[in-house]
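The following note sets out points for a colleague who will work with this model. Please read each point alongside the sequence and the coordinates.

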Amino acid sequence: MRPIFFFFFAIFSTCAFSQVKKSSYYREPFRPQMHFSPAKNWTNDPNGLVYYKGEYHLFYQYNPYGDTWGHMSWGHAVSKDLIQWKHLPVAIPEDSHNMIFSGSCVVDKNNSSGFAEKPGQVPLVAIYTAHIIPDKSNPDDYQQNQHIAYSLDNGRSWQKYAGNPVLDLGKKDFRDPKVFWYAPQQKWVMLTVLPHEHIVQFYGSKNLKQWEHLSDFGPQGDTSAIWECPDLLQVPVAGAGGEKKWVLINSQQTTMQYFVGSFNGQSFMNENPHDLILRPDYGADNYAAITYNNIADNQPPVLVGWANNWQYAPAIPTGPWRGAMTLPRTLSLKKTGDTWILLEQPVDALKNYRSGKTLGWTNLAVNGEHKLPVHTQLAEFDLLFDPSGADSCGIKLAVGNGHYFTIGYKKQFHEIYIDRSQSGNTSFHPAFSAWLRSSVKLQEVQKAVHLHIIFDKSIIEVYVNDGEVVLTEQLFPDQKNDAVVLFSNGGNTIFEQVKIWPLKSAWWPAH
Ligand code: FRU
């Protein structure tokens with residue numbers, strides 16, 4: 001090639017390449033556009049959720065070397081609005097002795113830990129489980145204890161504390177510390193789990209380094225599988241002018257539960273019936289959810305989970321990443337009869353990503369199927385309908401070529417259900433093929449059912465009746481299957497309100 005041609009060829013091909021690169025960035029099949037996912041490799045639990053100096057930090061269980069679980073380290077991203085994320089380098093990598101398991105992060109405003117090196121410096125302190133395998137040829141023979149690390153530069157670099165561990169029971173399974181500041185007694189409180197005993201343990205500390213045992217909670221509620229990832233937080237009672245109650249959340253494989261009651265700095269008392277099982281999410285794909293530390297007192301708590309399920313997570317057909325987080329959700333409480341229940345809403349900032357023309361209909365009568373004039377796999381839906389005239393009714397998404405994902409109400413059981421049996425690739429793992437339907441009976445049967453749905457490529461979140469029930473599920477549809485259909489079987493349904501907001505990708509233009 002003559003030099004001048006080579007020059008133009010080089011320029012042209014670089015431009016063409018960067019065009020391709022730009023337009024395909026975060027545009028792989030199934031890549032969520034509103035939900036956080038790492039650029040590549042494996043993630044599971046969210047970790048160390050903390051707000052500091054205008055940034056929401058999201059640390060997360062991360063394998064820097066591959067797309068299945070292993071080499072667990074803390075990945076890191078930051079956001080100003082909890083929707084658009086900027087990826088940062090790995091924050092706390094595994095070392096030759098320890099994998100870095102789940103945990104939390106606090107803002108040590110008074111330098112109680114003594115980690116500050118200059119007056120006025122505020123350490124961020126991460127409290128996590130070290131997972132120690134003394135003999136690498138025998139990974140099932142491990143130990144877990146609690147370690148800390150600190151950052152003096154807004155979470156960008158981390159030092160592991162030389163005096164680790166800060167809490168060690170000499171146990172095999174003892175993990176997932178969640179630490180928060182308990183102002184009335186000017187102390188730090190840590191929750192951890194003894195997974196097989198179904199116990200959440202409480203510890204207290206003045207300096208994050210020495211911890212004393214305060215109390216144990218459990219077994220209560222669902223004890224059918226191991227407990228992991230506990231959290232305790234104050235949640236405002238909706239419309240009660242500042243009244244708050246304490247909510248204890250824990251994961252038990254492969255779902256979650258919550259308890260509502262009081263906390264006196266020492267122990268938690270469940271005020272709901274002790275055998276009652278309430279879930280923050282009734283779908284298949286929400287696990288290990290925890291809440292943000294250090295958000296302003298007048299703001300509602302924000303919960304983030306891993307939008308996946310251990311039963312089939314290693315096999316989901318995504319790449320080059322595997323795993324994503326749920327949308328961050330704000331929490332409040334309400335009492336129905338004698339029971340306190342959580343209300344969840346996607347964070348308000350989601351509304352800023354509505355783009356293009358809003359579509360809307362009122363009083364649409366449907367008997368059978370009614371196709372709406374819209375094609376999308378990235379949109380927000382709001383439906384209000386009276387379900388009393390039909391056996392089942394609702395909406396089908398990702399419709400095309402005989403495939404669809406159903407979100408419906410079944411009158412006979414007063415239940416909301418989601419059915420992904422026809423949604424696309426369901427055969428990549430037997431546990432996924434076996435978990436094709438999720439359902440929940442509504443606490444109060446109301447005249448109208450209100451569904452707020454976020455459909456984001458391979459994740460669907462459904463908020464029912466102002467978030468008193470939420471279901472999160474993954475689906476792996478063909479990209480071409482993007483029609484939207486309302487349905488009403490065994491009778492007539494009036495959809496009093498149908499609204500659809502197309503969403504724009506949160507990956508653009510930040511990346
Ligand atoms: C929950 C969990 C935690 C543990 C982490 C390891 O999903 O099993 O208990 O700290 O994942 O990656």
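**Notes on the predicted model**

1. His198 is buried, with a relative accessible area of 14%, in a model that is predicted. His198 is found in the loop between β10 (187-194) and β11 (199-205). Its backbone merits a check, since phi of His198 is positive, about 60°, although the residue is not a glycine. Most residues other than glycine have a negative phi.

2. Asp176 also has a positive phi, near 65°, and is likewise not a glycine. Asp176 belongs to strand β9, which spans 175-182. With a relative accessible area of 6%, Asp176 counts as buried because that value is under 20%. Asp176 is also one of the residues that surround the ligand.

3. Two cis peptide bonds deserve attention during preparation of the model. One joins Asn164 and Pro165, with omega about 0°; Pro165 lies in the loop between β8 (159-160) and β9 (175-182). The other runs from Gly218 to Pro219, with omega near -5°, and Pro219 is found in the loop between β12 (212-217) and β13 (227-236). As background, most peptide bonds are trans.

4. Which residues surround the ligand? The set consists of Asn44, Asp45, Gln61, Trp69, Phe101, Ser102, Arg175, Asp176, Glu228, Cys229, Tyr287 and Trp310. Oxygen atoms of the ligand take part in polar contacts with Trp69, Ser102 and Arg175. For Trp69, a polar side-chain atom lies 2.9 Å from a ligand oxygen. For Ser102, a backbone N or O atom is placed 3.1 Å from a ligand oxygen. For Arg175, the distance from a side-chain N or O atom to a ligand oxygen is 2.8 Å. The protein covers 96% of the 320 Å² of accessible area that the ligand has on its own.

5. The site of the ligand is the second largest pocket. The elements that contribute two or more residues to the shell around the ligand are β1 (41-52), β5, β9 and β13. Of these, β13 is mostly covered, with 8 of its 10 residues buried. Strand β13 runs antiparallel to β14 (residues 244-252), to which 8 bridges join it. Within this pairing, Trp227 has Gln252 of β14 as its bridge partner.

6. Strand β5 is also part of an open sheet of 4 strands with the order β5-β6-β7-β8 and antiparallel pairing. β5 (98-107) and β8 stand at the edges with a single partner strand each, so one side of each has no neighbour in the sheet. Inside this sheet, 9 bridges join β6 (residues 124-132) to β7 (residues 143-151), and the two run antiparallel. Tyr128 stands opposite His147 in β7.

7. How many residues of strand β29 (residues 459-464) are buried? The count is 6 of 6. Ile459, Glu461 and Tyr463 point one way from β29, while Ile460, Val462 and Val464 point the other way, and all are buried. Such a pattern can be read against the general rule: in a regular strand the side chains alternate between the two faces of the sheet.

8. Strand β29 has antiparallel partners in β28 and β30. From β28 (residues 449-456), 6 bridges reach β29, and Asp456 has Ile459 as its bridge partner there. The hairpin of β28 and β29 has 2 residues between the strands, and Lys457 takes a positive phi near 65° in it. From β29 to β30 (residues 469-474) there are also 6 bridges, and Val462 is partnered by Leu471 in β30. The hairpin of β29 and β30 has 4 residues between its strands, with a positive phi of about 45° at Asn465 in the turn.

9. A last point concerns Asn489, which is placed in strand β31 (residues 483-502). Is Asn489 buried or partly exposed? Asn489 is partly exposed, because its relative accessible area of 37% falls between the 20% and 50% limits. The C-alpha atoms of Asn489 and Gln185 are separated by 58 Å, and the two residues are 304 residues apart along the chain.

How values were computed. Residues numbered from 1 in each chain as written. Predicted model: local features only at pLDDT ≥ 70, side-chain atom pairs only at ≥ 80, totals over all residues. Heavy atoms only, no water. Buried < 20%, exposed > 50% of the residue type's maximum accessible area, 1.4 Å probe, protein only. Pairing = 2+ DSSP bridges. Near = heavy atom within 4 Å. Polar contact = N/O pair within 3.5 Å; in protein donor to acceptor, adjacent residues only side chain to side chain. Areas by Shrake-Rupley, 256 points an atom, 1.4 Å probe, with all protein chains shown as cover. 1 Å grid on protein atoms, 1.4 Å probe; cavity = no way out; pocket = protein on both sides within 12 Å on 5 of 7 lines; lining within 4 Å. Sits in = over half its atoms within 2 Å of the grid points.
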